[in-house]
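Welcome! Take a moment to look at the structure below, and turn it around if you can, before reading on.

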Amino acid sequence: VVHECPRLKTPEEFARSKLFGKDKVRDNMMVWSKESIHAPLTRMEGVNQKAGVRMFKNILGYMGDRQLSYPQMLAKEILDVGTQTLEVRDEVFMQLVKQLTQNPSRESEQKGWRLLHLCLQTWPPGSEIENYFEIFLRERRDTTPAAADALKMLHQ
């Protein structure tokens, strides 16, 4: 369902600027990855595209999927940039959806849910992605208590 979100690039759009491995990039656009993304998942304007890619690196570091120093500072930067730039908020939420989909590490997944909760406590998803984001949470609420908690936060 998330793939139907109008703010989200199509898998073909996302893979277009990749020189090698386009099929793998396209097929795994919204599935957990330990690799950085080459472009934002959402349609973003100019300068915000670099910020979007940087937020994904911060998410990888915070979740422990990539070894980076000071994970708490990475989370703070995500929250600060999202507070300053509305367009980045939706990108961060979609990146978290990606990293929480088929994540093979329980520890990484728990940190991802924690970061998602921090984001929801700081700012809401934009109107263009809110319904798709809510469906993502609803699909997981029965098996993942953190998703049920996020759903409650979304409606506060």
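Here is a short briefing that goes from the whole chain to one of its helices. Keep in mind that this is a predicted model. The protein chain is built with eight helices and zero strands, and its pattern along the sequence reads α-α-α-α-α-α-α-α.

**Overall shape**
- The radius of gyration of the protein chain is 14 Å, which agrees with the value near 15 Å that a compact globule of 156 residues would have.
- Along the principal axes, the C-alpha trace spans about 40 × 35 × 30 Å.

**Inside and contacts**
- Of the 156 residues in the protein chain, 50% count as buried.
- If you take contacts between residues at least 6 apart in sequence, 65% of them join residues at least 24 apart.

**Surface and charge**
- About 8400 Å² of the protein chain is exposed, and carbon and sulfur atoms supply 49% of that area.
- The chain carries 23 positive and 21 negative charges, and the mean positions of the two groups are 5 Å apart.

**A closer look at helix α3**
- Helix α3 covers residues 46–63; at 1.5 Å a residue, its 18 residues should span 26 Å, and the 27 Å between its end C-alpha atoms agrees with this.
- Buried residues of α3 include N48, V53, F56, I59, L60 and Y62.
- Which helices help to cover the buried residues of α3? Among them are α4 (71–84), α5 (86–99) and α6 (106–122).
- G64 follows α3, and its phi is positive, near 85°.

Terms used
Residues numbered from 1 in each chain as written. Predicted model: local features only at pLDDT ≥ 70, side-chain atom pairs only at ≥ 80, totals over all residues. Heavy atoms only, no water. Helix = DSSP H or I, 4+ residues; strand = E, 2+ residues; numbered from the N terminus. Rg over C-alpha atoms; globule rule 2.2 N^0.38 Å. Buried < 20%, exposed > 50% of the residue type's maximum accessible area, 1.4 Å probe, protein only. Contact = heavy atoms within 4.5 Å. Areas by Shrake-Rupley, 256 points an atom, 1.4 Å probe, with all protein chains shown as cover. Lys, Arg positive; Asp, Glu negative; His and termini not counted. Charge placed at Lys NZ, Arg CZ, Asp CG, Glu CD. Expected span 1.5 Å × (residues − 1).
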